[in-house]
Amino acid sequence: WSLLLMVGTVALLSEVVYLLGRLWAARLGVPSAILPDAHWRFVLPNALIAAGDFTTAVEIAGEVVDLQGTNPAGFDARGRALVGAGRADEGLEDLRKAVELAPQEFEYQLAYGIGLEKAAKVDEAALTLRSALKLKPDEPRALMHLGIVRRAQFEVKEGVGYLMQAVRID
């Protein structure tokens with residue numbers, strides 16, 4: 001078993017090192033056309049969003065959309081990056097497209113709801129977050145954001161209830 005564990009760890013570490021190399025290449029402005037395969041074009045935008053590099057994430061996720069215009073992952077990543085970069089209207093278009101392409105995907109519903117929340121479109125955000133919760137009723141992130149939105153809609157007691165439920169689950 002220890003040999004299998006060691007082989008698995010080495011494989012995981014090589015993936016991490018490779019991804020870090022690609023991230024640095026993206027940050028240094030190395031043309032993304034040299035990225036070896038489409039897999040990394042899906043992974044990189046999410047890693048860049050997590051790192052706060054929204055501009056590069058928008059660019060690389062845009063390439064995913066250009067290459068595979070019916071794949072919701074590209075629209076989702078570009079939408080989240082655009083919202084993070086302060087370009088909420090553009091981002092919401094992409095997030096809405098991801099939901100249209102994969103309406104049963106919880107993460108896309110959640111991202112769209114959070115984008116609407118950040119754009120202060122609280123009525124739409126509440127509807128979208130409730131749709132997400134139909135897919136995963138006890139998901140703390142969705143409950144937390146719905147709580148924030150309901151408080152913004154002056155439904156303080158209901159909002160606090162959702163926040164408390166999120167805390168109990170998490």
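## Salt bridges and helix packing in an all-helical chain

A search of the whole structure finds 8 salt bridges. The model is a predicted one, and a good way into it is to begin with the overall make-up of the chain and then return to these pairs.

The secondary structure of the protein chain consists of 9 helices and 0 strands. Followed along the sequence, the pattern is therefore a run of helices, α-α-α-α-α-α-α-α-α. Of the 170 residues in the protein chain, 41% are buried. Contacts between residues at least 6 apart in sequence give a view of how the chain folds back on itself: 42% of them join residues at least 24 apart.

Two helix pairs deserve a closer look. Two packed helices are described by the angle between their axes and the distance between the axes. For helix H4 (residues 72–84) and helix H6 (residues 106–118), the axes come within 10 Å and cross at roughly 20°. Because angles under 35 degrees count as roughly parallel, H4 is roughly parallel to H6. The crossing of H4 and H6 is left-handed. On the H4 side, the contact involves Pro72, Ala73, Asp76, Arg80 and Val83, which meet Glu107, Tyr108, Ala111, Gly115 and Lys118 of H6. Sorted by class, this contact of H4 with H6 has 5 nonpolar, 1 polar and 4 charged residues.

Helix H6 also packs against helix H8, at an angle of about 25° and with the axes 11 Å apart. This angle makes H6 roughly parallel to H8, and the crossing of H6 and H8 is left-handed. From H6, the contact draws on Phe106, Glu107, Leu110, Ile114 and Glu117; from H8, it draws on Arg141, Ala142, His145, Ile148 and Val149. The residues of the contact of H6 with H8 divide into 6 nonpolar, 1 polar and 3 charged.

Some of the residues named in these contacts reappear among the salt bridges. Side chains of opposite charge can pair when their charged atoms come close. Within helix H4, the side chains of Arg80 and Asp76 meet in a salt bridge, at 3.0 Å from N to O. Arg80 and Asp76 are 4 residues apart in H4, about one turn of the helix. How accessible are the two partners, buried or partly exposed? Asp76 has a relative accessible area of 7% and is therefore buried, whereas Arg80, at 25% relative accessibility, counts as partly exposed.

A salt bridge also joins Glu90 and Arg87, with the closest N and O atoms 2.9 Å apart. Here Glu90 is partly exposed, with a relative accessible area of 38%, and Arg87 is partly exposed too, with a value of 37%.

The salt bridge between the side chains of Glu107 and Arg141 spans 2.6 Å from N to O. This pair links distant parts of the chain, since Glu107 lies in helix H6 and Arg141 in helix H8 (residues 140–152), 34 residues apart. Glu107 is partly exposed, with a relative accessible area of 32%, and Arg141 counts as partly exposed at 36% relative accessibility. Which residues form a network of salt bridges with Glu107? Glu139 and Arg141 are linked with Glu107 in such a network. Glu107 thus brings the two themes together: this residue of H6 takes part in the contact with H4, in the contact with H8 and in a salt bridge with Arg141.

Definitions and conventions. Residues numbered from 1 in each chain as written. Predicted model: local features only at pLDDT ≥ 70, side-chain atom pairs only at ≥ 80, totals over all residues. Heavy atoms only, no water. Axes fitted to C-alpha atoms, helices over the stretch in contact; angles between N-to-C directions. Parallel < 35°, antiparallel > 145°, perpendicular 65-115°, else oblique. Left-handed = near helix turned anticlockwise from the far one by under 90°. Contact = heavy atoms within 4.5 Å. Nonpolar A, V, L, I, M, F, W, Y, C, P; charged D, E, K, R; others polar. Salt bridge = Lys/Arg side-chain N within 4 Å of Asp/Glu carboxyl O. Buried < 20%, exposed > 50% of the residue type's maximum accessible area, 1.4 Å probe, protein only.
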